[in-house]
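Colleague: Hi! Could you pick out one part of this structure for a close look, and then carry on into the rest as one connected story?

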Amino acid sequence: MLQAALARGTAGRRSVFEVFARRLPGGRRYGVVGGTGRLLDAIERFSFDDDALVFLEQQNVVDGATLAWLSDYRFSGDVWGYGEGETYFPNSPLLVVESTFAEAVVLETLALSVLNFDSAVATAASRMTTAAGARPCIEMGSRRTHEQAAVAAARAAYIAGFTTTSNLEAGRTYGVPTAGTSAHSFTLLHDTERDAFTAQVDSLGKGTTLLVDTYDVDEAVRLGVEIAGPELGAVRLDSGDLLSLATEVRALLDSLGARDTRIVVTSDLDEHAIAALAAAPVDAYGVGTRLVTGSGSPTAGMVYKLVAREDDDGTMVSVEKKSPDKISHGGRKFALRRRNRRGVAEAEVVGVGRQPVDDGNDRPLLIPLVRGGETIGREPLTSARERHERSRAELPPTALQLSRGEPAIPTRWEDRS
């Protein structure tokens, strides 16, 4: 596309691209924007080095004129977007990229790969933390996805309310708080369970978390309290009927005087399993596979579409796709969250070609992220986490239902006309 546009003389036309999702996957009632900070870093670094240019030339992917253009590539346009952690709905203009066609079109795969994965994980994480209520969730999915995706997933989960991650690289790179427990292999390494627990407590202190279901749970709990005393930090359950098992373990811990010892449960949890454990005496949830795979919806289904471009006389005109089931809405978009007098969200209002009219209690959604190629929207990860908490809190109660359903609020259009 770039090569043909350069040859035709249309590559320099001012263009507006937009990232949006036509629907929410899996019958979800809201989505969560994740990956904005990572995308800003990626756009800032995005260029074509000598190795990339040599490959493109050797494989005859593009011609010499296009190679020359790519060798000088640096994005110099403007970007607006929903703040990271923000909730969104079908057709929300999540990212608006305005630049030349050439500069903007090569960002498509980069933008979608980051936003689709991170938003899928953030959305799943939000549903899980909703189900968990005040009980903390620990991200433990690194062994169930690509090694780099694992770091991104830990970051996205933290934005949507997870308290810690077992991925130390996410802690080093993004400052996500880290925590973890021992594995069954550590117990199996030692001649006896007593030897394993003693080694762990001696090394890590009485506040450590002991994995108690390698052999017999009852015996392991008794042994752990015997070794660490009532100051034992936590026990982890990773198999079996977690509801009944947690109840039994809580009663046993209390009878042994370890009333402050917490119970952490793992074992292929998702938002539905977490909700089913609401009545159990569980103190924390460790979530892995289902989180990093979007809990059944591994992509957010976002697309990157041209919605406006300059014509021959320099006028900006709206453009849109007309294909059945994939219709898009042309024109530069603006958006706000319409709220009632109590501050509860009622609709996603999208203005085409102009800002929608604020009825007095609405909240603008698009914020500037890049201006003239310079990043201006970078923020601490804690800001995205706080934004998500506020945004989710203003949604109507139906948004927090885990069953399949319609989006919690409708999307309404306000055209320029």
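Modeller: Happy to! Let me start with a term: a residue is called partly exposed when its relative accessible area falls between the buried range, under 20%, and the exposed range, over 50%. Ser-267 has a relative accessible area of 31%, so Ser-267 is partly exposed. Please keep in mind throughout that this is a predicted model.

Ser-267 is the part I would look at closely. The residue sits in the loop between strand E10 (262-265) and helix H13 (271-276). Its backbone deserves a glance too: phi is positive, about 95 degrees, although Ser-267 is not a glycine. Most residues other than glycine have a negative phi. Asn-60 is another non-glycine residue with a positive phi, in this case about 55 degrees. Asn-60 lies in the loop between H3 and H4, and because its relative accessibility is 64%, Asn-60 counts as exposed.

That loop leads us to some aromatic rings. The structure holds six aromatic pairs. In one of them, the ring centres of Phe-46 and Tyr-73 are 5.7 Å apart and the planes stand at 85 degrees, so this is an edge-to-face pair. Phe-46 belongs to the loop between helix H2 (36-45) and helix H3 (50-58), while Tyr-73 belongs to the loop between helix H4 (64-71) and strand E3 (78-82); with their positions 27 residues apart, the pair links distant parts of the chain. Tyr-73 also pairs with Trp-69: here the centres are 5.5 Å apart and the planes at 50 degrees, so the pair is tilted. Tyr-73 has a relative accessibility of 2% and therefore counts as buried, whereas Trp-69, at 24%, counts as partly exposed. Add Phe-48, and you have one aromatic cluster made of Phe-46, Phe-48, Trp-69 and Tyr-73.

H2 and E3 also meet at a sheet. An open sheet of seven strands runs in the order E13-E12-E1-E5-E3-E17-E18, with antiparallel pairing. Its edge strands are E13 (316-318) and E18 (374-375), each of which pairs on one side only. At the E13 end, strand E12 (residues 302-310) and E13 pair in the antiparallel sense over three bridges, and Glu-310 has Met-316 in E13 as its bridge partner. Two helices lie across this sheet's strands. H2 crosses E3, strand E5 (95-100), strand E17 (366-371) and E18, running at about 20 degrees to E17. Helix H6 (residues 108-132) lies across strand E1 (14-21), E5 and E12, running at about 140 degrees to E12.

Another sheet is open as well, with four strands in the order E16-E14-E15-E19 and mixed pairing. Strand E16 (363-364) and strand E19 (411-415) form its edges, each pairing on one side only. Strand E15 (residues 345-352) and E19 pair in the parallel sense over five bridges, and Val-352 stands opposite Asp-415 in E19. Within strand E14 (residues 333-339) you will find Arg-338. With a relative accessibility of 12%, Arg-338 counts as buried, since the cut-off is 20%. Leaving aside residues up to four places away in sequence, Arg-338 touches ten residues that are easy to click through, including Glu-346, Asp-358, Asp-359, Asp-362 and Glu-414. Val-344, Ala-345, Ala-347, Val-349 and Val-357 are also among its contacts.

Now for a helix pair. Two packed helices are described by the angle between their axes and the distance between the axes. The axes of helix H7 (residues 147-159) and helix H15 (residues 381-393) come within 8 Å and cross at roughly 50 degrees, which means H7 is oblique to H15. On the H7 side, Arg-155, Tyr-158 and Ile-159 meet Leu-381, Thr-382, Ala-384, Arg-385 and His-388 in H15. These contact residues divide into four nonpolar, two polar and two charged.

Finally, let me step back to the whole chain. There are 15 helices and 19 strands, and the C-alpha trace spans about 85 × 60 × 35 Å along its principal axes. Of the 417 residues, 51% count as buried. Among contacts between residues at least 6 apart in sequence, 72% join residues at least 24 apart.

Methods
Residues numbered from 1 in each chain as written. Predicted model: local features only at pLDDT ≥ 70, side-chain atom pairs only at ≥ 80, totals over all residues. Heavy atoms only, no water. Axes fitted to C-alpha atoms, helices over the stretch in contact; angles between N-to-C directions. Parallel < 35°, antiparallel > 145°, perpendicular 65-115°, else oblique. Contact = heavy atoms within 4.5 Å. Nonpolar A, V, L, I, M, F, W, Y, C, P; charged D, E, K, R; others polar. Pairing = 2+ DSSP bridges. Phe/Tyr/Trp six-rings, centres within 6.5 Å; stacked < 30°, edge-to-face > 60°. Buried < 20%, exposed > 50% of the residue type's maximum accessible area, 1.4 Å probe, protein only.
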